[in-house]
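Subject: the protein-DNA model

Hi,

Here is the structure I promised to pass on. Have a look at it first, and then read on for what I found in it.

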2 protein chains.
Amino acid sequence: MTTAIRSNNRLDVLLDSSAELFSERGYQAATMRDIAKKCGMLPGSIYYHYPNKEALLVGVYEEGVRQLSERVQREIARATDPWERLELMLAAHIEMIVEPTAYASVIIRILPDDVPSAREELVRLRDKYEVYLRDLVGALPLPKDVDRRLLRLFLIGSVNHIPVWHRPGGESPKQIARQLTRVFRRPLQVKPRESK
Amino acid sequence: MTTAIRSNNRLDVLLDSSAELFSERGYQAATMRDIAKKCGMLPGSIYYHYPNKEALLVGVYEEGVRQLSERVQREIARATDPWERLELMLAAHIEMIVEPTAYASVIIRILPDDVPSAREELVRLRDKYEVYLRDLVGALPLPKDVDRRLLRLFLIGSVNHIPVWHRPGGESPKQIARQLTRVFRRPLQVKPRESK
DNA sequence: CAGATAGAAAAACATATGTTTGTTTAATTC
DNA sequence: GAATTAAACAAACATATGTTTTTCTATCTG
């Protein structure tokens with residue numbers, strides 16, 4: 001017995017459309033009808049691919065985490081210096097979340113508490129990605145009295161807030177990442193090598 | 001002709017209940033029926049006080065800005081040093097937004113884009129409050145090449161993300177505010193007076 | 001080519017939700 | 001104490017929304 005996937009399968013289109021609408025409007029405000037219309041299906045057809053709306057969101061979330069992880073992993077491999085690696089990650093992360101059509105935006109905009117029935121699953125997926133930031137902050141040479149957990153949480157807050165204020169014409173992700181690490185870097189280094 | 005307010009007016013109870021539910025669940029997920037039940041009214045009765053759900057949210061928002069502004073104004077008056085004033089403001093702000101029953105939480109959780117029809121009004125109210133932070137950051141003695149706008153936006157992101165991860169038993173608002181300013185302070189001061 | 005079936009259409013269902021309308025009650029005012 | 005009306009009740013309305021069921025069709029397989 002075979003479970004072949006047909007050539008005109010539109011699962012990918014469905015996922016793309018869902019990501020875009022979830023990202024733009026949030027979970028509740030993105031209706032199944034809107035999603036169906038966007039990908040040229042009828043509402044009921046979605047249920048062939050996913051048993052319910054919640055599962056559809058989880059599907060988008062999974063793809064988002066996959067894309068983010070892949071990209072970030074690739075970027076941080078380009079440097080060995082801990083601060084440089086952090087900046088590379090932030091730049092890549094910012095770039096992906098300010099792009100409204102991207103899956104990554106969904107992970108930033110829709111918080112686990114927004115969908116109580118899928119809470120644990122969403123938390124699990126988020127954690128899977130946030131491990132990268134945890135490791136990068138963990139690798140920084142910092143004074144002993146700096147709370148790395150708080151530092152990480154401040155970073156997440158700053159970064160994930162960017163889509164709220166960022167406008168297409170404004171600062172580039174790289175510029176933002178540079179300013180952000182600059183702010184944190186100077187003081188926190190054990191032994192600053194450079195001075196202005 | 002008189003427009004007297006009756007002694008058993010329950011507008012305040014209605015606003016309190018609305019604030020709590022908006023804060024807990026967000027705009028869409030907080031239904032008029034939930035709000036009515038929480039304050040012991042019937043759904044239709046709410047419409048005597050506000051013409052629609054959106055206006056009810058604006059009412060809560062207004063009260064939230066009022067409370068935040070009042071409290072912050074009082075706090076920052078206790079110091080003259082720019083960094084100390086910033087820390088005082090952040091501590092007060094954090095304290096108010098981690099309290100789930102407070103109006104302030106609504107302003108943090110519900111973003112203008114969540115309610116397109118009331119977007120401008122909500123932006124106006126938020127700006128009214130954020131002026132305090134703008135002034136405080138503006139008063140900091142910083143190197144010329146530091147982008148104060150970005151610094152402010154990073155701060156807002158860090159701070160407003162706190163309710164997402166904060167748990168009742170965890171760090172106190174004052175401790176968090178101290179760590180946050182510590183992170184920003186050391187490097188950005190033109191002339192550091194203290195060294196570890 | 002013929003049968004099987006992946007994948008979507010069509011249409012309805014059940015319920016949730018913001019809101020409206022007519023009515024009642026009790027506080028206020030003269 | 002009677003008239004007024006603030007404030008809430010009671011009940012329905014209209015629509016939106018997630019979902020289910022049945023039916024059709026184009027693709028794949030043997």
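One cut-off before we start: by a polar contact I mean a pair of N or O atoms within 3.5 Å. Also keep in mind that this is a predicted model.

With that in hand, take DNA strand C. One of its phosphate oxygens sits 2.8 Å from a backbone N or O atom of A:Leu42. Chain B reaches this strand too: a polar side-chain atom of B:Lys53 lies 2.6 Å from a phosphate oxygen of DNA strand C, and a polar side-chain atom of B:Arg33 lies 2.8 Å from a base oxygen of the strand. So what you have there is a backbone atom and a side chain at phosphate oxygens, and another side chain at a base.

Which residues come nearest to DNA strand C? Out of 24 around it, they are A:Arg6, A:Asn9, A:Tyr48, A:His49 and B:Lys53. Of the strand's atoms that come within 4 Å of the protein, 66% belong to sugar and phosphate. Two helices each supply at least two residues of the surface near DNA strand C, namely α3 (46-49) of chain A and α2 (32-38) of chain B. Sorted by class, that surface has nine nonpolar, 10 polar and five charged residues.

Now for DNA strand D. It has 25 residues around it, and the closest are A:Lys53, B:Arg6, B:Asn9, B:Tyr48 and B:His49. Sugar and phosphate make up 65% of the atoms of DNA strand D that come within 4 Å of the protein. On the base side, an N or O atom in the side chain of A:Arg33 is 2.8 Å from a base oxygen of DNA strand D. On the phosphate side, an N or O atom in the side chain of B:Asn9 is 2.5 Å from a phosphate oxygen, and a polar backbone atom of B:Arg10 is 3.3 Å from a phosphate oxygen. The elements giving two or more residues to the surface near DNA strand D are α2 (32-38) of chain A and α3 (46-49) of chain B. By class, this surface has nine nonpolar, 10 polar and six charged residues.

There is an annotation to set beside this. An unreviewed UniProt entry places a "DNA-binding region" at residues 31-50 of chain A. In the model that span is 55% helix and 0% strand, and its end C-alpha atoms lie 14 Å apart.

On to chain A as a whole. It has 10 helices and zero strands, and its C-alpha atoms fill a box of roughly 65 × 40 × 35 Å along the principal axes. Of its 196 residues, 49% count as buried. Among contacts in chain A with a separation of 6 or more, 67% are between residues 24 or more positions apart.

One helix I looked at more closely is α5 (residues 82-97) of chain A. Its 16 residues should span 22 Å at 1.5 Å a residue, and the end C-alpha atoms are 23 Å apart, which agrees. Is α5(A) enclosed or open to the outside? With 12 of its 16 residues buried, α5(A) is largely enclosed by the rest of the structure. The buried ones include A:Trp83, A:Leu86, A:Glu87, A:His93 and A:Ile97. The N-terminal end of α5(A) is capped by A:Asp81, which has a side-chain oxygen 3.2 Å from the backbone nitrogen of A:Trp83.

A:Val106, in helix α6 (residues 103-109) of chain A, counts as buried because its relative accessibility is 0%. Setting aside residues up to four places away in sequence, A:Val106 touches A:Ala19, A:Phe22, A:Ser23, A:Leu57, A:Val60 and A:Tyr61. Its C-alpha atom is also 7.8 Å from that of A:Gly26, 80 residues apart along the chain.

Last, a residue that links the two chains: B:Glu171, in the loop between α9 (162-165) and α10 (173-188) of chain B. Its side chain makes a polar contact of 2.6 Å with the side chain of A:Arg149. At 19% relative accessibility B:Glu171 counts as buried, since the cut-off is under 20%. Beyond its neighbours within four places in sequence, B:Glu171 is in contact with A:Asp147, A:Arg149 and A:Leu150 from chain A, and with B:Trp165, B:His166 and B:Ile176 from its own chain.

Cheers

Notes: Residues numbered from 1 in each chain as written. Chains lettered and ligands numbered in written order. Predicted model: local features only at pLDDT ≥ 70, side-chain atom pairs only at ≥ 80, totals over all residues. Heavy atoms only, no water. UniProt positions renumbered as here; feature names shortened; annotations may be inferred. Helix = DSSP H or I, 4+ residues; strand = E, 2+ residues; numbered from the N terminus. Near = heavy atom within 4 Å. Polar contact = N/O pair within 3.5 Å; in protein donor to acceptor, adjacent residues only side chain to side chain. Nonpolar A, V, L, I, M, F, W, Y, C, P; charged D, E, K, R; others polar. Expected span 1.5 Å × (residues − 1). Buried < 20%, exposed > 50% of the residue type's maximum accessible area, 1.4 Å probe, protein only. Contact = heavy atoms within 4.5 Å.
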